[in-house]
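Here is a report on one protein chain. It starts from a single residue and works outward to the whole fold.

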Amino acid sequence: MEANTKPKRWTYEEFARLPESGTTRYEVIAGALVVTSGPWLRHQRIAAALYLMLAPFVKNNRLGEAFFAPLDVVFGEGDYLEPDLFFVRADRSELLKERWVEGPPDLVIEILSPSTAARDRGIKLERYRHYGVAEYWVVDADARTIEVWHFAQGAGEPVRLGVADTLRWQPLAGGPALDVPLAEVFGGA
C-alpha cells in the first residue's frame, strides 16, 4: 500500500486553533504551515524605527492604519501570512476584522532574518504580488538596504535603496508623502 504523501492544507479555522506563543510565529503559505522562531533584537529595532515613522504620519494625515506583527492577514484559503509591518488605507477599512485583516494591505514590510530571507524574497513576495499588495518593502539589515517593490505599477524589479538614501513613501497618488531616512532606520540596528 502506498503512503499518502499529499501535504495537509490548512483551513483558517484549523490555523486559528494553533496555540499562541510569544516566541513562535505561524503562517500558512500556499497551503503549507510555516513555523518561525521569534525575531532577533536587530529585527525588532528596525521594525520599531519604521513603525514609529509610519504610524504618526498615517494617523496625522488620516490615511488609514499601520500595524505590526503579530496580526494575521488572510489573503485566501490556504494563505494566512503575518507581515512584520503593514498599512491599510482608510478607504479600504472594510478589510479590518476583529481578529485579522481580510485581503491585501496597501503596503507590506518584511524584515529579513537568516531563517526567513529566502521565503521573504521568494514565496512571500510571489503571494503578495498575486493577491494585489500595492507595495512591498524587503528590509535587509545585514546589507543595510531596502528593496521597494511597486506591484501596483507593474514593477518587475525592485528599487534598491541603501543606508545613505531616503525612501519617499506616498500611499495616495497626489497625497502627502513621508520621507524615510534609511540612516535612521538602520541607525540603532
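## A glycine and its contacts

Setting aside neighbours within four places in sequence, Gly 78 is in contact with Arg 9, Trp 10, Val 28, Ile 29, Ala 30 and Gly 31. The model is predicted. Gly 78 sits in the loop that links β4 (72-76) to β5 (79-81). Is Gly 78 buried or exposed? Its relative accessibility is 1%, so Gly 78 counts as buried, the cut-off being under 20%. One of its contacts, Trp 10, is 68 residues away in sequence. In space, the C-alpha atoms of Gly 78 and Trp 10 are 5.8 Å apart.

## The whole chain

The protein chain has 13 strands and five helices. Its radius of gyration is 17 Å, close to the 16 Å that the globule rule gives for 189 residues, so the chain is as compact as a globular protein of that length. The C-alpha trace spans about 60 × 35 × 35 Å along its principal axes.

Of the 189 residues, 46% are buried. Consider the contacts between residues at least 6 apart in sequence: 52% of them join residues at least 24 apart. The chain exposes about 9900 Å². Carbon and sulfur atoms supply 52% of that area.

Charges come next. The chain carries 21 positive and 27 negative charges. The mean positions of the two sets are 1 Å apart.

## The cores

How many residues has the largest nonpolar core? It has 26. Those with the most contacts inside it are Leu 50, Trp 137, Leu 167, Trp 169 and Val 180. Several elements give two or more residues each to this core: the helices α2 (41-60) and α5 (182-186), along with the strands β6 (85-89), β8 (107-111), β9 (135-140), β10 (145-149), β12 (166-169) and β13 (178-181). The largest share, seven residues, comes from α2.

Trp 169 shows how distant stretches of sequence meet here. Neighbours within four places aside, Trp 169 is in contact with Leu 54, Phe 57 and Val 58, among others. Its contacts also include Phe 87, Leu 107, Glu 135 and Trp 137. Pro 176, Ala 177 and Leu 178 are in contact with Trp 169 as well. Apart from this core lies another, of 19 residues, including Leu 81, Phe 86, Val 133 and Tyr 136.

## Backbone details

Which peptide bond is cis? The bond from Ala 69 to Pro 70 is, with omega near 5°. Pro 70 is in the loop between β3 (64-68) and β4.

Two arginines, neither of them a glycine, have a positive phi. The table sets them side by side.

| Residue | Phi | Loop | Relative accessibility |
|---|---|---|---|
| Arg 62 | about 50° | between α2 and β3 | 75%, exposed |
| Arg 144 | near 55° | between β9 and β10 | 32%, partly exposed |

Why are the two classed as they are? Arg 62 has a relative accessible area of 75%, and exposed means over 50%, so Arg 62 is exposed. Arg 144, at 32%, falls between under 20% and over 50%, so Arg 144 counts as partly exposed.

Notes: Residues numbered from 1 in each chain as written. Predicted model: local features only at pLDDT ≥ 70, side-chain atom pairs only at ≥ 80, totals over all residues. Heavy atoms only, no water. Core = buried A, V, L, I, M, F, W, Y, C linked by side-chain atoms within 4.5 Å. Buried < 20%, exposed > 50% of the residue type's maximum accessible area, 1.4 Å probe, protein only. Helix = DSSP H or I, 4+ residues; strand = E, 2+ residues; numbered from the N terminus. Contact = heavy atoms within 4.5 Å. Rg over C-alpha atoms; globule rule 2.2 N^0.38 Å. Areas by Shrake-Rupley, 256 points an atom, 1.4 Å probe, with all protein chains shown as cover. Lys, Arg positive; Asp, Glu negative; His and termini not counted. Charge placed at Lys NZ, Arg CZ, Asp CG, Glu CD.
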